[in-house]
Amino acid sequence: MNICVVGNGNIVKRFLEDVQSIEDARLTAICVREASREKGAALSEKYRIPLLFTDYSAALLEPSIDTVYLGISNHIHYLYTKQALEAGKNVICEKPFTVNPSETGELAALAEKSGLFLWEACKIPYSPTFKTLREQLPLIGALRVIRCNYSRKSSRYTDFQNGILHPAFDPEKAGGSLYDINIYNLHLTAALFGAPKAVHYYANYGSNGVDISGTAVLEYDGFHAVCTGAKDSTSPSGVVLQGEKGYLRLEGPASSAAKVFLSLDGDERCILETPDNGKLTEEVKEFVRQYREQDRDACRKMLDHSLLVMNIVEQCLR
Ligand SMILES: NC(=O)c1ccc[n+]([C@@H]2O[C@H](COP(=O)([O-])OP(=O)(O)OC[C@H]3O[C@@H](n4cnc5c(N)ncnc54)[C@H](OP(=O)(O)O)[C@@H]3O)[C@@H](O)[C@H]2O)c1
């Protein structure tokens, strides 16, 4: 896979680091905006990336690139993905995949029609902690309550309070705690339990109407999933799946928890410890595998999952 990385922010730096160890993933190009040329050049030098673009359309014309990775702000995911697919490139696009489900559906159809791969870069369904939760789930009996909390006061929250608006708090740019942080909880819940029967969202709103924290309640047969995300306040983050015979617990946010605990009849023990869980390595390895083996069914299945998550988001924000 010959990848053009688009963007130069936090997640791009993580991607560049994590992709180093992945066989068959080559960093062919980096594309940044003209105003960020110096940052792009520094990343290109540090990670020995041969090509540097400051014009996205020009990058999409480059024949040595087969896949673009989009590590850019939420509101432009749809447009950049569409342009890449139209140019015949596979796309790995960061979460939240799009702003709404109709955009996701449109992009999935375009990828299918063009014979291209399209992936949402959300590490949860590919992570060892998630796989452990799924495998061990039958042990805890009939499910009663799911609690997921990812609450971390944003480094940009003080700016927000002082009237300085970053995309993460801009509703026009698909900012807010649901798109940014609670979406991980929705990914985990939807990947384990599928579509909920009903969705409710209770949010705290900032002065510009953006949800700065909130709780989504997803109703399933016999149990509820209570998913909280906060960018205005911090608490210990984690996930608990409560069943009639015991519970499973993640210590830390759904996206990067390092430990999984199992308790049956009051006896809690750690059943997995994986310090690498916050890395993007597992998901990108799987994307590279699907591409190498042309495993389109696996790709389609994950797109269905992305569509389901976007449907839940839409129900929350309705
Ligand atoms: N999977 C994960 O674990 C994870 C973790 C964090 C973030 N993310 C996702 O990654 C994405 C980026 O987040 P981040 O934390 O890296 O943000 P960030 O540090 O603020 O970086 C944002 C990037 O988007 C670019 N950008 C902004 N507006 C643009 C526009 N109109 N056209 C082209 N490029 C534009 C910026 O370019 P300039 O520098 O030129 O402005 C910058 O490179 C978000 O969608 C976020 O949800 C995922």
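Helix 8 has a kink: the helix bends by about 55° at Ile183. Keep in mind that this is a predicted model. Besides that helix, there's an open sheet of 6 strands to look at, with helix 1 lying across several of the strands.

**Helix 8**
- This helix covers residues 177-193, so to speak the stretch around the bend at Ile183.
- From first C-alpha to last, the 17 residues of helix 8 reach 22 Å, which is close to the 24 Å expected at 1.5 Å a residue.
- Helix 8 is mostly covered, with 15 of its 17 residues buried.
- Look just past the end of helix 8 and you'll find Gly194, which takes a positive phi of about 75°.

**The sheet**
- Its 6 strands are laid out in the order 3-2-1-4-5-6, and the pairing is parallel.
- Strand 3 (51-53) and strand 6 (118-121) sit at the edges, each pairing on one side only.
- On average, neighbouring strands of this sheet are turned by 20° against each other, ignoring direction.

**Strands 5 and 6**
- Strand 5 (residues 90-94) runs parallel to strand 6, and 4 bridges join the two.
- If you want a residue pair to find here, Cys93 stands opposite Glu120 in strand 6.

**Helix 1 on the sheet**
- Helix 1 takes in residues 10-19 and lies across strand 1 (2-6), strand 2 (26-31), strand 4 (67-70) and strand 5.
- Against strand 1, helix 1 runs at about 160°.

How values were computed: Residues numbered from 1 in each chain as written. Predicted model: local features only at pLDDT ≥ 70, side-chain atom pairs only at ≥ 80, totals over all residues. Heavy atoms only, no water. Helix = DSSP H or I, 4+ residues; strand = E, 2+ residues; numbered from the N terminus. Expected span 1.5 Å × (residues − 1). Bend = angle between axes of the 7 residues up to and from the residue. Buried < 20%, exposed > 50% of the residue type's maximum accessible area, 1.4 Å probe, protein only. Pairing = 2+ DSSP bridges. Axes fitted to C-alpha atoms, helices over the stretch in contact; angles between N-to-C directions. Contact = heavy atoms within 4.5 Å.
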